[in-house]
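Work through the exercises below with the sequence and the model at hand. Each task is followed by a stepwise solution.

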Amino acid sequence: MIKNYLKIALRNLWKNRGSAAISVIGLTVAFCISSLLILTAYFQLTFDDFHQNSKQIYQVYFNLSENGDIKQSGETPLPMFDAIESEFSEFDAATRLNIGRKSVITANNKSIEKVVAYADADFLSMFTFPLENGSPKMALNNLQNIIISKATAEALFGKENPIGKTVSIGKSGEESSFIISAVAEECPFNSTIKFDALCRIETKPTYQQEKANWSNNGNSLFVMLSEKTDAVQMEQKLVAFAKKYYPESFENQKAGEIFQLKLLNLSKVHFDKGVSGGKSAPIAIVYALIGLAIFILLIACFNFVNLSVAKHFKRAKEMGVRKTMGAMRSSLFLQLWSESIFICFTGFVLGLLLIIEALPLFNAQFNAKISLDFLFQPAFITIMLGLLLAVTLLAGGYPAYKMSRLDLVEVLKGKVVNPKSGLLRNSLIVSQFTISSLLICITLIANQQLDYLRQKPLGFDKEQVISIPVGSQLSGKKMLELTRNEFGSDAAIMAISGSNANLGKGRDRVTSRSTVGFEFKENQFSADWVTVDGDFVGTMNIPLTEGISQSKNTVNGVIWISESLKKAMGSGEVLNTFISDSSNQIVGVFKDFNLYAPSDKALPIVIQQSKEADIQYIFLKVKTESMAATMDKLVAFWKKNTDGLEFMGSFLDENVESWYQNESMLIQIFSFASSLAIFLSCMGLFAVSLLIIELRVKEIGIRKVMGASVQNIVLMLSSYFLKFIFLAFLISLPLAWVAMDSWLTTYSYRINLTFTPFVIVILSVSLLALLTVNYQAIKAALVNPVKSLRSE
């Protein structure tokens, strides 16, 4: 019987190979794209899940709420670790963590730049980072121990066993020696914490200066709650702890201001922009990926259902005859369903094969880190088999079920209801174009917002500036001095300066942030702190409202503050006054500018000029006509003075463009999804219109005999489908307005919604639908009515 079902199914599919091909292609593309999108979301949502204690691990962070404005920071001072361990017994373990820029690791006459992390001895008992060699309990017992990754070990020692060998970390003349106690496997891609080497935090170069300093927030603090401890109740206990160790934050608390220490579970750290520093894609994009996967699969299923229903109705008499010959409803259902199963399974298998081919391109286009291994993880296999089962049962089973329940007498009398008025088919057409129109609207509005952010004045001049990361192997001060000596008299160079922070994200892909608290007139303030050497304000063309742009007094340091910070300080005079311990004199006030991405709210900024600045980046202001030539000179200069180290310089406007990578990725995803959705929708509309017109061939012939013109018939057929398209607009456009207005509220700087993108959607989608339907409509209208009516 199964063989008979299969034979009849293949015969019918071949007979209707056009509609079958459309269904298979639609399902193949939908399964492939949906799987890739779900894989990407799965990768993001499983961040840090590989840690066995992930449900018990929390990061301690500061939460400051001031009249509804919430500021968060996951950076804590070093002494908080000892205080928390002594105050609470609810923690099974705790560790500080500091991951900075790349450092030079030297061993075996080789030097490489790698990410070095510093942590406490309990780090490996909390976090699950498997070791290839060594014991997790003993690896960090000694202050001189170091754990290195497998790749680092191979780079330094080749195939030799590195255990017990010595490595040094730091620039020439500033090295610290360590003994390798363990070799770790590479950190998974979906790990928030990544390192190439791990040392005890007590060996951090600045540890002695920071170990008792409660105002220096530059480290992360993770705690592991005991299984019986509730995180919410623990946060309540942290209130008294905060009052004890941060009394000034409560004594000087303003009205409407709330200062708290809170706990964030490890599973949420990756997505928390305030705590993690915004290193990940927003969670909204991840959920958008899941939504897009469902939408695309739904559109393909709608096509499949519509085509199946219309095709099955053409076989109504066949079903009637089979029933007359004694066929049971169950056998009719299985016969029709077997055809649907074959199409669904074929689309699913072809979709999986397409994933293997498309995965490298997908990873490159969307900067994803997906490997084929994810396809074979039990959770993902369960998801995909569930999708296949759902599509087969719902999209394939419903048309088969409906046809198997047709009344025998009505079928043989030819009184089966014509599907042209079917509520289901019309609803599915509306749903398809609702989703497509919604996605196109989202794409257009997101693109408008991105254009607005790109065109918004940043508060500094990003043009004609070259940014050079110094790197960890070189002395920033020395390289800045050499650069000034080499290019100071060059007519093409307008200004040279250095800083501890970059603007935008350069070729080193590093984004660092330093937030410093200080006292002014017995009040506490905090601001983003940038340390510079040279006329940084003038080099970046940052507009001053008061004071001078450059000062020669760099012995104790001078500072410039932003207008927002001056306003917070009060109405009194701030120029030439001192902050904190009277070592920093305010010499200027500048207009607020975007030190970080414009999508983030701009915070108060302090720029400190000092010859002791930790220079990590060198900036050169260059004349427009000399940009390319100067870059070539810098490459040669760098090679000559750094023993051939790679030159990582870039133009500042390119760095700034990296600020918009999340928005750019969102637009790429939605552009791709909306294009695919409208393609699948039009493909389905084409197939449905073909079947509907086939069912109305005789009606069209009669209308032509009665005097209807080609234009009348085309208009009749087009208007029939267009009314569903316009109903889709009535549903999708208000939804798009509400959704995008809500999305735009997450930006401090945003566009105001207008009707322009909605008008574009109406015109473009209507035109595509008309072109899709009119091809079949014109073809049917031109047929000789004699041929249409001859069979009767």
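**Exercise 1.** How much area does the protein expose, and what share of it do carbon and sulfur atoms supply?

Solution. The model is predicted: local features need pLDDT of at least 70, side-chain atom pairs count only at pLDDT 80 or more, and totals for chains, interfaces and linings use all residues. Residues are numbered from 1 along each chain as its sequence is written, and side-chain values use heavy atoms, with hydrogens and water left out.
- The protein exposes about 37100 Å², and carbon and sulfur atoms supply 57% of that area. Accessible areas come from the Shrake-Rupley method with a 1.4 Å probe; for residues, only the protein chains shown count as cover.
- Of the 792 residues in the protein, 51% are buried (buried is under 20% relative accessible area, exposed over 50%, partly exposed in between; 1.4 Å probe, protein chains only).

**Exercise 2.** Determine whether Glu-90 is buried or exposed, and find its side-chain partner in a polar contact.

Solution.
- Glu-90 sits in the loop between helix H3 (79-87) and strand S3 (91-107). Helices (H or I, at least four residues) and strands (E, at least two) are DSSP runs, numbered from the N terminus.
- Glu-90 counts as buried because its relative accessibility is 16%.
- Its side chain joins that of Lys-237 in a polar contact of 2.5 Å (a pair of N or O atoms within 3.5 Å; within protein, one must be able to donate a hydrogen and the other to accept it, and residues adjacent in sequence count only if both atoms are side-chain atoms).
- Not counting residues up to four places away in sequence, Glu-90 touches Met-224, Leu-225, Ser-226, Thr-229, Met-234 and Lys-237; contact means heavy atoms within 4.5 Å.

**Exercise 3.** Which residues have the most contacts inside the largest nonpolar core?

Solution.
- A nonpolar core is a set of buried Ala, Val, Leu, Ile, Met, Phe, Trp, Tyr and Cys residues joined through side-chain atoms within 4.5 Å.
- The largest one has 123 residues, and Phe-433, Phe-460, Met-540, Ile-542, Phe-593 and Ile-607 have the most contacts inside it.
- Helix H22 (residues 661-695) gives the largest share of this core, 16 residues.
- A second, separate core of 23 residues includes Leu-97, Phe-127, Phe-129 and Leu-266.

**Exercise 4.** In which helix is Ile-356 placed, and is this residue buried or partly exposed?

Solution.
- Ile-356 is in helix H13.
- Ile-356 is partly exposed because its relative accessible area is 42%.
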